[in-house]
Amino acid sequence: MARPGSGLLVPINGLGYPPQNLARVVVWEWLNEHGRWRPYSAAVCHHIENILKEDARGSVVLGQVDGQLSPYVIDLQSMHQFRQDTGTMRPVQRNFYDPSSAPGKGVVWEWENDNGSWTPYDMEICVTIQNAYEKQHPWLDLTSLGFCYLIDFNSMSQTNKQSQRKRRLRRRMDLAYPLIMGSIPKSQSWPVGASSGQPCSCQQCILVNSTRAASNAILASQRRKLYGGTAGNVGATGTLNVVRQSNTFAGTTLWSPTSGSSGTSNNNIRVGGGQTKAEQVQLPLSTSNFPSSPVMPCLSSAQGHHALTINGQNNLNRPGTQRISMGAARGAIPPGIPALPVKNLTGSGPVHPALAGMTGILMCAAGLPVCLTRAPKPILHPPPINKSDMKPVPGINGMRRKTKKKHLRRGKNPEDVVRRYTDKIKFVPDEDCTICMERLVMASGYEGVLQHKGIKPELVGKLGKCGHMYHLLCLVAMYNNGNKDGSLQCPTCKTIYGEKTGTQPPGKMEYHVIPHSLPGYPDSKTIRIVYDIPAGIQTNEHPNPGKKFSARGFPRHCYLPDNDKGRKILKLLIMAWDRRLIFTIGTSSTTGESDTVVWNEIHHKTEFGSNLTGHGYPDPNYLDNVLTELSAQGVGEDNLKD
């Protein structure tokens, strides 16, 4: 049935925070590597809120409520998500929405990915789609929100306006997100623990406060230059209406509210949400008066009445304002204005953000204009290379390896595997078996659950290399729960017995030398490794047998220096590839997508000419680190033949 009414072009609006005395819905979100805030599910958010009530500086184990998030822990003190098996850290934030919006009603909008599974939209997009749906708009254009998509509610589809590719769309009901009442507690600011008075000295707090100070100083300096310290009537074509909040750093007011002449404006920036009384200041709206910066972008637009609402407590983490600021600041920097390159929280750059913020304050105080530039883009690939310039790697035969289904190993008898790597013991010590947590002198905890004719529940064995002791039946249960590849790994010290193999799906690996040098290795050429794995169907060794899995970002290009150490690592990577240890199928820590091909704890450098993402060069410790990671997978230098 066709929906009545006209379509909707989304205006650029910040969602903002509701007044302090109203109820609001809480949505916890994590920042992916593309700069997008991805929401946790409603069940996870309820769990986080419950922990937050008990201990605002504690930690949240996400696996307690969602099995797919078992590796992840949120540290409420630093407001970061930590992945225990890889050490990856990502910022998190506590966002707020109106109770009548999509998260307050438990409405989730999702799009169908290439794998046939459903991926939820960012919460801000979900709220926008739900608003248009409730108003019975037949379509919704997301271009102004930074997405080149058209939502058609009649066909429940999403269309890419550039490629014209169409995907299915669905709306489903889920648990409503947690609702809170009253004023926002101090522990809610970012990061947790920041309070009035002496500020926290951690890197994130320094970044927040120094950037805020620089922003306020720039505004105050521009106002003083224009009005000589007082605001007055200026014959401009438009005015900028700013509602200011008195912000403090270390208990000292950075700039105080001032009043100005009245005027009209179709473009407003509202800076509010503070506890101090706000006043209005009328400033002329002119691109010549305000250099491009993340704080004061050019707001000329044909949309009309565009409002940007920033809350004083958490303004650096608002996804809507981030997108608006970046989109509005894309204009060219006026000539003659010094630029301070500032790195992102997860990136790298020549100037520390706190230093850049304080430098900006000093330059503004001296009457100098300042513009904070965006971080440069990473250099992912080398210059174009002819096929004739690609040479074999010295000392390594061939330039390609393939893994096919016929290479997948069949499981071996669990009882034979356990007996091969364990020794019998005459006297059993009175200590715990760390697998079943029963005493070794007692029967295995798997008695009655698992039965093997040749292994009795009370038998105990000692692993040959490390000497740790377990019930033999417990070792059989552990083996059956693994890859069943004929190898064992001690659960206490991680010593590997036999040849460990993984669950990497079929694909190919290519490697060759290219005539370019990596940063930090000017005297060496570069080894380029190209991995290519197609999408397919999961087998019995994968999380969801019979279900499709996706393969994003392939072919993936990785780089090593063409020197003795780099060639040694390549040999070990080839061995790891043959053992199917480079990739596995799981949940992407970047996109949150499940049933997709992901890296398997052996880090690779995918950035050729820079190190802005942390996956490039120079990195003096990388070669040693990857050797350690390979050794942890049972692929050590002792496996190499002379």
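This is a short dialogue on reading helices, a strand residue, backbone oddities and a pocket in a predicted model.

Biologist: Let's start with the whole chain. How many helices and strands does the chain have?

Modeller: There are 10 helices and 35 strands. Of the 642 residues in the chain, 45% are buried. Among contacts between residues at least 6 apart in sequence, 65% join residues at least 24 apart.

Biologist: Now a single helix. How should I read the burial pattern along helix 1, and which residues of helix 1 are buried?

Modeller: The general idea first: an α-helix has 3.6 residues a turn, so residues three or four places apart point the same way. In helix 1, the buried residues are Ala42, Val44, Cys45, His47, Ile48, Glu49, Ile51 and Leu52. Their cover includes strand 2, strand 4, strand 5, strand 7 and strand 14. Helix 1 runs over residues 42-54 and reaches 19 Å from its first C-alpha to its last, close to the expected 18 Å.

Biologist: And helix 9: what do the buried residues of helix 9 pack against?

Modeller: They pack against strands 23, 29, 30, 33 and 34, and against helix 10. The buried set is Gly566, Ile569, Leu570, Leu572, Leu573, Ile574, Met575, Ala576 and Trp577. Helix 9 has 15 residues (564-578) and reaches 21 Å, close to the 21 Å expected.

Biologist: Let me pick one residue from strand 30, isoleucine 529. Is isoleucine 529 buried or exposed?

Modeller: Buried means under 20% relative accessible area. Isoleucine 529 counts as buried because its relative accessibility is 1%. Leaving out residues up to four places away in sequence, isoleucine 529 touches Met509, Glu510, Tyr511, Arg556, His557, Cys558, Leu560, Leu570 and Leu573. Leu570 and Leu573 are also among the buried residues of helix 9. As for arginine 556, it is 27 residues from isoleucine 529 along the chain, with 8.1 Å between their C-alpha atoms.

Biologist: What should I look for in the backbone?

Modeller: Most residues other than glycine have a negative phi, and most peptide bonds are trans. Just after helix 9, arginine 580 takes a positive phi of about 65°. Arginine 580 sits in the loop between helix 9 and strand 34. Methionine 437 also has a positive phi of about 65°, although it is not a glycine, and its place is in the loop between strand 24 and strand 25.

Biologist: Which of the terms buried and exposed fits arginine 580, and which fits methionine 437?

Modeller: Arginine 580 counts as buried, because its relative accessibility is 5%. Methionine 437 is exposed, with a relative accessible area of 52%.

Biologist: Where are the cis peptide bonds you would point out?

Modeller: One joins phenylalanine 554 and proline 555, with omega about 0°. Proline 555 lies in the loop between strand 32 and strand 33. Another joins tyrosine 617 and proline 618, again with omega about 0°; proline 618 is in the loop between strand 35 and helix 10.

Biologist: Finally, pockets. Which residues lie nearest the centre of the second largest pocket?

Modeller: Asn481, Gly482, Asn483, Lys500 and Thr501 do, out of 32 lining residues. The pocket holds about 1200 Å³ of space. Its lining divides into nine nonpolar, 14 polar and nine charged residues. Helix 8, strand 27 and helix 10 each supply at least two lining residues, and domain 2 (414-497) and domain 3 (506-639) each give at least three.

Definitions and conventions:
Residues are numbered from 1 along each chain as its sequence is written. This is a predicted model: local features need pLDDT of at least 70, side-chain atom pairs count only at pLDDT 80 or more; totals for chains, interfaces and linings use all residues. Side-chain values use heavy atoms; hydrogens and water are left out. Helices (H or I, at least four residues) and strands (E, at least two) are DSSP runs, numbered from the N terminus. The expected span of a helix is 1.5 Å times one less than its number of residues. Buried means under 20% relative accessible area, exposed over 50%, partly exposed in between (1.4 Å probe, protein chains only). Contact means heavy atoms within 4.5 Å. On a 1 Å grid over the protein atoms alone, a cavity is a set of points where a 1.4 Å probe fits but cannot get out, and a pocket is an open set with protein on both sides within 12 Å along at least five of seven lines; lining residues have an atom within 4 Å of a point. Grid points are joined across faces, edges and corners, and a volume is the space filled by probe spheres set on the points. Ala, Val, Leu, Ile, Met, Phe, Trp, Tyr, Cys and Pro count as nonpolar, Asp, Glu, Lys and Arg as charged, and the others, Gly among them, as polar. Domain bounds come from an automatic or database domain assignment.
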